[in-house]
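User: I am new to this structure and would like to go through it slowly. Could you set out the terms as they come up?

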Amino acid sequence: MNPLPQAILIDLDDTILDSTDSSTRVWRSAAARFAHEIGRSPHEINAAIDRARDAYWSDPDRNAAGRLNLYRARIDVVRMALQELGQDHDGLAERFADDYTRRRVDAMQPFPGAIETIKHLRHKGVKLGLISNGHGPSQREKVTRFGLDRLFDAVLIEGEFGMGKPDARVFEHMLDTLGVDAQDAWMVGDNLDWEVEAPQRLGMKAIWVDWQGRGLPPDAPAEPDRIIRSLSELI
Ligand SMILES: [Mg+2]
């Protein structure tokens with residue numbers, strides 16, 4: 001797939017930023033702090049939280065609503081877990097979720113080499129577009145905190161734009177903004193529906209970031225043009 005294309009569109013969470021793993025670490029530390037009050041071991045609480053996160057975020061409707069209202073989503077996840085444990089006391093879910101929220105932003109960091117790779121691509125003259133689904137202010141805060149607004153030619157956030165991936169208009173708007181045809185662009189991201197299937201349908205090449213190293217699942221909606229473990233493999 002080399003040489004480099006005219007433009008590369010890149011996803012944010014679990015592509016540039018270590019989102020899921022850092023989230024898990026923060027849930028773990030919250031569980032340890034609340035274990036006494038919940039009356040269960042941190043291990044039991046972690047397992048219940050993991051099941052609730054999976055159930056919540058794998059449901060497309062809940063995902064669509066939850067990612068635009070993370071505060072509500074976190075309370076719902078904790079409540080699902082506490083109900084499973086039979087410990088859903090008044091206000092406990094809210095306090096647990098608040099504890100998580102206070103530590104969440106500080107815990108998130110870019111993957112090793114991600115920022116350097118983006119700088120290198122920019123230096124090579126590749127036009128760069130950042131496309132992120134999620135709540136406007138939350139995603140914008142991450143973009144600003146890591147200086148990504150200065151590294152990308154254009155940034156599109158679902159909560160600001162009014163629609164998100166996999167809607168074709170999101171990719172078309174970004175390609176228009178960068179002045180590049182779909183055939184001359186790559187999309188890079190960890191979500192097979194949003195960042196592989198949808199952009200390929202428009203004629204873009206799609207690079208799947210398998211950051212967990214799990215391999216392509218048998219029910220994958222499309223075949224990526226390339227699979228990488230981290231952004232730094234692009235250069
Ligand atoms: Mg992602």
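Analyst: Two strands pair if DSSP finds at least two bridges between them, and strands (E, at least two residues) and helices (H or I, at least four) are DSSP runs numbered from the N terminus. This is a predicted model, in which local features need pLDDT of at least 70 and side-chain atom pairs count only at pLDDT 80 or more, while totals for chains, interfaces and linings use all residues. Residues are numbered from 1 along each chain as its sequence is written, and side-chain values use heavy atoms, with hydrogens and water left out.

User: In what order do the 6 strands of the open sheet lie?

Analyst: The pairing within this open sheet is parallel. β3 (154-157) and β6 (226-228) stand at the edges with a single partner strand each, so one side of each is left without a neighbour in the sheet. The order of the strands is β3-β2-β1-β4-β5-β6.

User: Which residue in β3 is the bridge partner of Leu130?

Analyst: Strand β2 (residues 127-132) runs parallel to β3, and 4 bridges join the two. In β3, the bridge partner of Leu130 is Val155.

User: At about what angle to β3 does helix α7 run?

Analyst: Axes are lines fitted to C-alpha atoms, for helices over the stretch in contact (heavy atoms within 4.5 Å), and angles run from 0 to 180 degrees between N-to-C directions. Helix α7 (residues 136-145) lies across β2 and β3, and its angle to β3 is about 150°.

User: On which residue is the kink in helix α1 centred?

Analyst: The bend at a residue is the angle between axes fitted to the seven residues ending there and the seven starting there. In helix α1, which covers residues 20-38, the kink is about 35°, and its centre is Ala32.

User: Which helices do the buried residues of α1 pack against?

Analyst: Buried means under 20% relative accessible area, exposed over 50% and partly exposed in between, with a 1.4 Å probe and protein chains only. The buried residues of α1 include Trp27, Ala31 and Phe34. Their packing partners are α2 (42-57), α4 (70-85) and α5 (92-107).

User: How many degrees lie between the planes of Trp27 and Tyr100?

Analyst: Rings of Phe, Tyr and Trp (its six-membered ring) pair if their centres lie within 6.5 Å, and planes under 30 degrees apart count as stacked, over 60 as edge-to-face and the rest as tilted. The structure holds 5 aromatic pairs. Trp27 and Tyr100 form a stacked one, with 3.9 Å centre to centre and an angle between the planes of 20°.
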